[in-house]
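Reader: I've got a protein on my screen and I'd like to talk it through with someone. Could you walk me around it?

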Amino acid sequence: MAKRVYIKTYGCQMNVYDSARMAELLAPLGFTVTQTAKDADLVILNTCHIRERAAEKVYSELGKIRRMKAAKAGRGGRMIVAVAGCVAQAEGTEMMRRAACVDLVFGPQSYHRLPKLIARALRADGDRVLDTSFPVEPKFDFLPETTGPRDVATFLTVQEGCDKFCSFCVVPYTRGAEYSRPVIQVVAEARRLVRGGAREITLLGQNVNSYHGEGPDGREWRLGELIRKLAELAGLDRIRYTTSHPRDVDDELIAAHRDVPQLMPFLHLPMQSGSDHILAAMNRRHTVADYRRIVERLRSARSDLALSTDLIVGHPGESDLDHRATLDLVDEVCFAQAFSFKYSPRPGTPAASAPCQIPDDVKTQRLGELQLLLANQRRNFNAACIGRTLPVLLEKPGRHEGQLIGRSPYLQSVHVTAAAERVGEIVPALITAASANSLSASLAEVVRA
Ligand code: SF4
């Protein structure tokens, strides 16, 4: 009998990718994806631990799910509730204790076992299942092949986990040690994605440019080499990757930015702080001078490269001078986009127990200053596109009748008026207006007519 699964995805693109793979794992068991939790037979919350109060948000959602589960039981039905992802990994045992409605908790490295875990949870004795192990077998070897239609712009995980242990970050604890998928496996999946209709693929990894997968020649291949290989795939017009670490930007990757036209001129390169003292406290393993040098080299390789970044204000020990240094470096580098946050402690990470925590009002004031500067840079970057004709990949219908939304090479959202059947085309678009968050454009061929 057909069963329905509702998957709520929190956080990053890697979770989006994982949720899609979970749906594929469940399809042979008769599960189809539904957009509402109320009548679902299986609810999966695929959680993220990066944002502040992540666990509380999950518990709050579980409160709603508990009522839906009880209502369904009242109608004679059954709902299995599962929590996956990084909060599950970090809080598994506690979650089982606090949330009685949860039947199944599993971490990001064990979701390939989902069919078996579901079977256990479905048994009549109501066995509750916790699997937050880091299996020795790479989960990618056990996932079904991606098939069927794909979004025109889609994701492909090539690397997972992290060995960097930045002071503020839970990823090494929740996703485990770095693992890179073999080149042959990545290329095969990319080929299937392109066959399914993808024209753009974003290669994903927590620390994607530390990629060191086994190549067909038995050597370890780095990300630049993988990108060159993927660029040989007919029909794959755009390649991106995220999230990168400055320390792992190597010559091969910089050369790929110079030589591979499919590699889009946009790079998310987290800076976190503009102060050497704070970068050291964060265990970022690079200096301000290193960051500056990498940006210069990347921009020499690809002069129109636009940069995006992550920044944290108020890391323990951050002085006014450190904060000033961050503002200065942001001013100098100039970003097209940025994600900036107040530091907030993650249990179990070194910075959480570090002395010299910064008061919240100071963090708020510093974040305000930083975001003002970043918003100006973003607005200026978008405004500078007015009058240019950019190739835009049309991805999906917009909110208004006859409108499509696409992406420029610089990852800007672009609104154009075009027929729905043009989704999937890369069109020349004349940029006519810009706001902080998006561009408006006319199809250039229409303008010429
Ligand atoms: S490199 Fe990125 S994923 Fe790894 S610990 Fe640092 S912030 Fe977290």
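**A walk around the model**

Author: Let's begin in a loop: Q272 sits between β14 and α9 (276-281). Keep in mind that this is a predicted model.

Reader: Okay, is Q272 buried or exposed?

Author: Although Q272 belongs to the loop between β14 and α9, a loop position alone doesn't settle the matter. Its phi is near 65°, a positive value in a residue other than glycine. The cut-off for buried is under 20% relative accessible area. Q272 has 7% relative accessibility, so it counts as buried.

Reader: And C334, what does its relative accessibility make it?

Author: C334 also has a positive phi without being glycine, near 70°. Its place is the loop between α11 (320-333) and β16 (337-342). Buried would need under 20% and exposed over 50%. With 39% relative accessibility, C334 counts as partly exposed.

Reader: Let's zoom out. How compact is the protein chain for its length?

Author: The chain has 13 helices and 21 strands. Its radius of gyration is 23 Å, close to the 22 Å that the globule rule gives for 449 residues, so the chain is as compact as a globular protein of that length.

Reader: What share of the contacts with a separation of 6 or more joins residues 24 or more positions apart?

Author: Some background on the chain helps here: its C-alpha atoms fill a box of roughly 65 × 60 × 50 Å along the principal axes, and buried residues make up 54% of the 449. Among contacts with a separation of 6 or more, the share from residues 24 or more positions apart is 73%.

Reader: Which strands stand at the edges of the open sheet?

Author: The open sheet has 3 strands in the order β7-β10-β13, with parallel pairing. An edge strand here has a single partner, so one side of it is left without a neighbour in the sheet; the strands in that position are β7 (153-157) and β13 (238-242).

Reader: How are neighbouring strands of that sheet turned against each other, and what sits opposite T202 on each side?

Author: In the β7-β10-β13 sheet, the average turn between neighbouring strands is 25°, direction ignored. β10 (residues 200-204) is joined to β13 by 5 bridges, and β7 pairs with β10 over 5 bridges as well. The partners of T202 are R240 in β13 and, on the β7 side, F155.

Reader: Why is β7 described as largely enclosed, and which helix lies across that sheet?

Author: Of the 5 residues of β7, 4 are buried, so the rest of the structure largely encloses this strand. Across β7, β10 and β13, running at about 90° to β7, lies helix α1 (residues 13-26).

Reader: Where is the cis peptide bond?

Author: Follow β13 to the loop that leads to α8, where T243 lies. Omega is about 0° at the bond in question, and the residues it joins are T242 and T243.

Reader: What do the buried residues of α8 pack against?

Author: Helix α8 (residues 251-259) has L253, I254, A255, A256 and H257 as its buried residues. These pack against α7 (223-230), β13, β14 (266-268) and α10 (288-301).

Reader: There's a barrel too, right? What stands opposite L390 there?

Author: The barrel is closed by 5 strands in the order β17-β18-β19-β21-β20, with mixed pairing. Its neighbouring strands are turned by 55° against each other on average, direction ignored. β17 (residues 389-397) and β20 (residues 426-434) pair in the antiparallel sense over 5 bridges. The residue in β20 opposite L390 is A429.

Reader: Now the ligand: how many residues of its shell are charged?

Author: The ligand is surrounded by C162, K164, F165, C166, F168, C169, V171, P172, H245 and R284. By class, the shell has 7 nonpolar residues and 1 polar one, and the charged residues number 2.

Reader: Last one: which residues does A37 contact, leaving aside its neighbours within four places in sequence?

Author: A37 is in the loop between β2 (31-33) and β3 (42-47), and with a relative accessible area of 9% it is buried. V5, 32 residues away in sequence, is 8.0 Å from A37, C-alpha to C-alpha. Beyond four places in sequence, the contacts of A37 are Y6, V43, I65, M68 and M79.

How values were computed:
Residues numbered from 1 in each chain as written. Predicted model: local features only at pLDDT ≥ 70, side-chain atom pairs only at ≥ 80, totals over all residues. Heavy atoms only, no water. Pairing = 2+ DSSP bridges. Helix = DSSP H or I, 4+ residues; strand = E, 2+ residues; numbered from the N terminus. Axes fitted to C-alpha atoms, helices over the stretch in contact; angles between N-to-C directions. Near = heavy atom within 4 Å. Nonpolar A, V, L, I, M, F, W, Y, C, P; charged D, E, K, R; others polar. Contact = heavy atoms within 4.5 Å. Rg over C-alpha atoms; globule rule 2.2 N^0.38 Å. Buried < 20%, exposed > 50% of the residue type's maximum accessible area, 1.4 Å probe, protein only.
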